[in-house]
Amino acid sequence: MEIEKPGALELCNLAYAQAQLRRFPEAIESARASLRMDSGYAQAHLVLGTLLAQDRKTLHEAIPHLEFAARSLPAGAQILRLAQKALENQVAQNAR
């Protein structure tokens, strides 16, 4: 029996598990790999967007992923609103 390579679903699940273990760089790479396999996979956009939104340096990069996820996942819309508010706050602080 031959073992198949992981697909987008498995890579997304791996990203989620890595995030739960606080292995954020690996989680981001796994989510990106999932999206390379299936760029329309909303759950992978949600996972990647959520991870990117946790760091001020990548918060702006999170928004498009969360926007994509919000189109089909209720959790995506909620996290998108939080990320947009955080980005607005960051912009306001930088303007001072």
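**Helices, buried residues and the largest pocket**

The secondary structure of the protein consists of five helices and zero strands. The model described here is predicted. Read along the sequence, the helices give the pattern α-α-α-α-α. The C-alpha trace spans about 60 × 25 × 20 Å along its principal axes. Of the 96 residues in the protein, 33% are buried. Among the contacts with a separation of 6 or more, 44% are made by residues 24 or more positions apart.

Helix H4 covers residues 59-70 and contains 12 residues. At 1.5 Å a residue, a helix of 12 residues should span 16 Å, because the expected span is 1.5 Å times one less than the number of residues. The C-alpha atoms at the two ends of H4 are 16 Å apart, which agrees with this expectation. The buried residues of H4 are Leu59, Ala62, Ile63, His65, Leu66 and Ala69. These buried residues pack against three helices, namely H2 (24-37), H3 (42-53) and H5 (74-95).

Two residues of helix H3 were examined individually. Ala44 lies in this helix. The relative accessible area of Ala44 is 0%, and Ala44 is therefore buried, since the cut-off for a buried residue is under 20%. When neighbours within four places in sequence are left aside, Ala44 is in contact with Cys12, Ala31, Ser34 and Leu35. Ala44 and Ile79 are 35 residues apart along the chain, and their C-alpha atoms are separated by 14 Å.

His45 is also found in helix H3. With a relative accessible area of 9%, His45 falls under the same 20% cut-off and so counts as buried. The side chain of His45 reaches the backbone oxygen of Ser39 at a distance of 2.7 Å. Ser39 also appears among the residues that His45 touches, together with Leu35, His65, Phe68 and Ala69, when residues up to four places away in sequence are not counted. Of these, His65 and Ala69 belong to the buried residues of H4. Leu35 is in contact with Ala44 as well.

The largest pocket has a volume of about 160 Å³. The pocket is lined by Tyr16, Ala19, Gln20, Phe24, Gln43, Leu46, Val47, Thr50, Leu51, Gln54 and Ile79. Helix H1 (8-20) and helix H3 each supply at least two residues of this lining. H3 gives the most, with five residues. By residue class, the lining divides into seven nonpolar, four polar and no charged residues. Ile79, whose C-alpha distance from Ala44 is given above as 14 Å, is one of the lining residues.

A further local feature concerns Arg22, which is found in the loop between H1 and H2. The phi angle of Arg22 is near 65°, a positive value in a residue other than glycine. The relative accessibility of Arg22 is 65%, so this residue counts as exposed, the cut-off being over 50%. Arg22 is thus exposed, whereas Ala44 and His45 are buried.

Notes: Residues numbered from 1 in each chain as written. Predicted model: local features only at pLDDT ≥ 70, side-chain atom pairs only at ≥ 80, totals over all residues. Heavy atoms only, no water. Helix = DSSP H or I, 4+ residues; strand = E, 2+ residues; numbered from the N terminus. Buried < 20%, exposed > 50% of the residue type's maximum accessible area, 1.4 Å probe, protein only. Contact = heavy atoms within 4.5 Å. Polar contact = N/O pair within 3.5 Å; in protein donor to acceptor, adjacent residues only side chain to side chain. 1 Å grid on protein atoms, 1.4 Å probe; cavity = no way out; pocket = protein on both sides within 12 Å on 5 of 7 lines; lining within 4 Å. Points joined across faces, edges and corners; volume = space filled by probe spheres on them. Nonpolar A, V, L, I, M, F, W, Y, C, P; charged D, E, K, R; others polar.
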